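I opened this entry to look up ligand contacts and helix packing. My notes follow the model.

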Amino acid sequence: MILVTGATGNIGSALLKELRGTGAGGPLRGLTRDAARAVFPAGVEAVEGDLARAASLKPALDGVRSLFLVSRVGPDAEILDAALRAGVEHVVLVSSITVLTHPRLGPAAENLAVERLLQDSGMAWTILRPTQFASNALWWAGAIRGGETIRVPYADIGLPTIHPADIASVARAALTEPGRRGRTYALTGPERITARQQVETLAELLGRELPFTEISRAEAHRDLAAFMGDETADAVLDVTGGDVNDELLLVRDTVSRITGAPARTFRQWASENAATFR
Ligand SMILES: NC(=O)c1ccc[n+]([C@@H]2O[C@H](COP(=O)([O-])OP(=O)(O)OC[C@H]3O[C@@H](n4cnc5c(N)ncnc54)[C@H](OP(=O)(O)O)[C@@H]3O)[C@@H](O)[C@H]2O)c1
């Protein structure tokens, strides 16, 4: 039995689809806080649980041997402990490339701590360290639908944005193929793309101009800190352009080496999700 957390999210929904499609890995469960709302592929058992309350995960973990875990949604130490007690043998953890690129930042240090806890847990592990997701463009969806100006800092810094389905494909390989345990994979998309180019791509797909303006770090910080707090806002701004380094800019071939298919582009993600911006 595989339990997928974040099952209604960008990675988790693609992972369930891919696992169901390949038929590998045996029975599947998707975790959600609201099973009535969740739409899973046929044959996937929807289970309710709250990652913020590790004790609530007991029914979801019953009989599970492999766990796909999105980090820093709940108290990861307690979640890993609950998994170990339930008899989970292998955890595939979504961490972040910032562990490698920006270890001094708070969120990166938290991810590193979770990675170490997992590595010391006695369970087998595979760690995925993706770069920023193509789906972060959803932050602009409300503004685009409402005809408002998209306001972005660091508009011309190109990063190797990854399609969440590629993280899912690597997770599927980690969960179902031999030789993937005890490995840490840094994951990127196939090319660097700037925020300005992302908006241009969306404009082309939507068939209309999208008003766009570059804003200062201070303006962006004000917007972000209002809903994620000062420290996370600073970290987001550093890793999206304020403090880039060669490791962050590097386009890696990990996805294609593991999946055997080229990593998907931002354009592919945008064309699959264009309806959300209409
Ligand atoms: N965005 C990036 O650029 C980036 C980069 C590196 C790493 N990451 C990592 O990627 C992960 C996010 O992946 P994603 O984009 O696929 O997720 P997402 O689309 O943002 O969806 C969030 C998922 O988490 C679930 N969730 C949220 N709170 C929960 C709770 N208290 N209990 C149970 N489930 C909860 C939601 O399920 P329900 O609403 O159905 O309960 C939903 O399925 C995080 O670990 C993040 O740190 C993101």
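**Ligand contacts**

I began with T8: an N or O atom in its side chain is 2.7 Å from an oxygen atom of the ligand. I take a polar contact as a pair of N or O atoms within 3.5 Å. The model is predicted, with local features needing pLDDT of at least 70 and side-chain atom pairs pLDDT 80 or more, while totals for chains, interfaces and linings use all residues. Residues are numbered from 1 along each chain as its sequence is written, and side-chain values use heavy atoms, without hydrogens and water.

I then found a polar side-chain atom of T32 2.6 Å from a ligand oxygen atom. For G6 I noted a polar backbone atom, 3.3 Å from an oxygen atom of the ligand.

**Helix 3 and helix 5**

I looked up helix 3 (residues 76-86) and helix 5 (residues 106-119), numbered from the N terminus as DSSP runs of H or I with at least four residues; their axes come within 10 Å and cross at roughly 20°. The axes are lines fitted to C-alpha atoms over the stretch in contact, and angles between N-to-C directions run from 0 to 180 degrees. Helix 3 is therefore roughly parallel to helix 5, a term for angles under 35 degrees.

I listed the residues that meet (heavy atoms within 4.5 Å): D76, A77 and L80 in helix 3, and V114, L117 and L118 in helix 5. I counted five nonpolar, no polar and one charged residues in this contact, with Ala, Val, Leu, Ile, Met, Phe, Trp, Tyr, Cys and Pro as nonpolar, Asp, Glu, Lys and Arg as charged, and the others, Gly among them, as polar.

How values were computed:
Helix = DSSP H or I, 4+ residues; strand = E, 2+ residues; numbered from the N terminus. Parallel < 35°, antiparallel > 145°, perpendicular 65-115°, else oblique. Polar contact = N/O pair within 3.5 Å; in protein donor to acceptor, adjacent residues only side chain to side chain.
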